Amino acid sequence: MQSRFVRLCETSSPTGSQRQVTDMLAAELRDLGLSVSEDGAATTVGADAGNLVARLPGEFDRWVMFCAHLDTVPHVGPIEVDLIDGVYGSRGETILGADNKAAVTVIVELIKRAILGEPKVGIELVLTASEEIGLLGAKAFDLGTLHSEVGFVLDHASPIGEVITTAPTYQRLIADFQGREAHAGIRPEDGQSAIEAAAAAISAMKLGRIDGTSTANVGVIAGGTAGNVVPAHCMIEAEARSTVSGRASEMIGEMADVCAWAANDRGCDLDLRIEEIFRAYSIPDDSEALRLADAALRRVGIEPLHVATGGGSDSNAFVAAGFDSILLANGTTAN
């Protein structure tokens, strides 16, 4: 299991380029005797591979689904894994890729052990594409092809036992400020600085942890051409998240308003784009997936802890589509 984890991490799969790791896992799962297929989501999500689906039948015609994603955030250079004092890390300055290959590793091990134990219940695996840029693979996946009525997503970097019952809505804002170029040393008064407008907007925003349920952030700012040119263009990318219904939309609206004010105040044009990346959910008490998760944890001596998260996962997409899905902690730390 440990060598599989290292092998998976060292097989590069940034979003959009996961063909190699998809093929590797498909071959391994087929060697274990599972039926394996790949859906047509690659074209939809703009990637070189789609979602991988594998099935291991059980004695009874009952099924359960497990899900993890195969893509990672971008990185430069090859990933090399070190094991120091019992802790896996990446050598050099790259990512490790434990998000989400630690979960993939455990799921494959689950399959191997289930085969040895002659499972009573069938297992379906859904290994998704392009999760890191908005759960695109999960959104494109046809849940109607599943036999399972419940599913579990392993994608939360926290201690085993945490059962995530509440997740946020995530709204993204991209603001393009358009000013006018001028020579900064000879005719600065002829220019309209797009960077100055963007800076004014950011300084007027409420950012960070807004309250116990909501956060906001500006994560990207880019613009200008040279130090001696009043910049005609600046782009910012921002987000708002909240587990409270409607709150993320309200916050992103406030951020859009200050962008409009700052652009107008500095004589700039503004192009605004707002999109919802995923929708909040709260798992009901009568969820069968929740009941099974709690019972399974207690069976191995772990008291389940129901928690809220500020992050998103494929479970957001599944729950939004009406599928009974639970996000579970997979035990990784220091991500």
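**Figure 1. Gly 267, just after helix H7.** In this predicted model, Gly 267 takes a positive phi of about 70 degrees. You will find this glycine just after H7, the helix shown in the next view.

**Figure 2. Helix H7 and what covers it.** H7 runs over residues 247-265 and has 19 residues. From its first C-alpha to its last, the helix reaches 27 Å, close to the 27 Å expected at 1.5 Å a residue. Its buried residues are Arg 247, Ala 248, Met 251, Ile 252, Met 255, Ala 256, Val 258, Cys 259, Ala 262 and Ala 263. As you follow that list along the helix, it may help to recall that an α-helix has 3.6 residues a turn, so residues three or four places apart point the same way. The cover over the buried residues of H7 includes helix H6 (194-203) along with several strands: S9 (169-178), S11 (208-211), S12 (214-223), S14 (233-242) and S15 (269-278).

**Figure 3. Helices H2 and H4 side by side.** Here we look at H2 (residues 19-31) and H4 (residues 98-116), whose axes come within 12 Å and cross at roughly 15 degrees. Because angles under 35 degrees count as roughly parallel, H2 is roughly parallel to H4. Their crossing is right-handed. On the H2 side, the contact is made by Val 21, Leu 25, Glu 28 and Leu 29, and on the H4 side by Lys 101, Val 104 and Val 108. Sorted by character, the residues of this contact give 5 nonpolar, no polar and 2 charged.

**Figure 4. Ala 167 and its surroundings.** Ala 167 belongs to strand S8 (residues 162-167). With a relative accessibility of 1%, Ala 167 counts as buried, since the cut-off for buried is under 20%. Leaving aside residues up to four places away in sequence, Ala 167 touches Thr 243, Ala 280, Tyr 281, Thr 309, Gly 311 and Asn 316. Try locating Val 307 as well: Ala 167 and Val 307 are 140 residues apart in sequence, yet 9.1 Å apart in space, C-alpha to C-alpha.

**Figure 5. Stepping back to the protein chain.** To place the close-ups, note that the chain's secondary structure comes to 9 helices and 18 strands. The C-alpha trace spans about 80 × 45 × 40 Å along its principal axes. Of the 335 residues, 48% count as buried. Among contacts with a separation of 6 or more, 77% are between residues 24 or more positions apart.

Terms used:
Residues are numbered from 1 along each chain as its sequence is written. This is a predicted model: local features need pLDDT of at least 70, side-chain atom pairs count only at pLDDT 80 or more; totals for chains, interfaces and linings use all residues. Side-chain values use heavy atoms; hydrogens and water are left out. Axes are lines fitted to C-alpha atoms, for helices over the stretch in contact, and angles run from 0 to 180 degrees between N-to-C directions. Helices (H or I, at least four residues) and strands (E, at least two) are DSSP runs, numbered from the N terminus. Angles under 35 degrees count as roughly parallel, over 145 as roughly antiparallel, 65 to 115 as roughly perpendicular and the rest as oblique. A crossing is left-handed if the near helix is turned anticlockwise from the far one by less than a right angle, and right-handed if clockwise. Contact means heavy atoms within 4.5 Å. Ala, Val, Leu, Ile, Met, Phe, Trp, Tyr, Cys and Pro count as nonpolar, Asp, Glu, Lys and Arg as charged, and the others, Gly among them, as polar. The expected span of a helix is 1.5 Å times one less than its number of residues. Buried means under 20% relative accessible area, exposed over 50%, partly exposed in between (1.4 Å probe, protein chains only).
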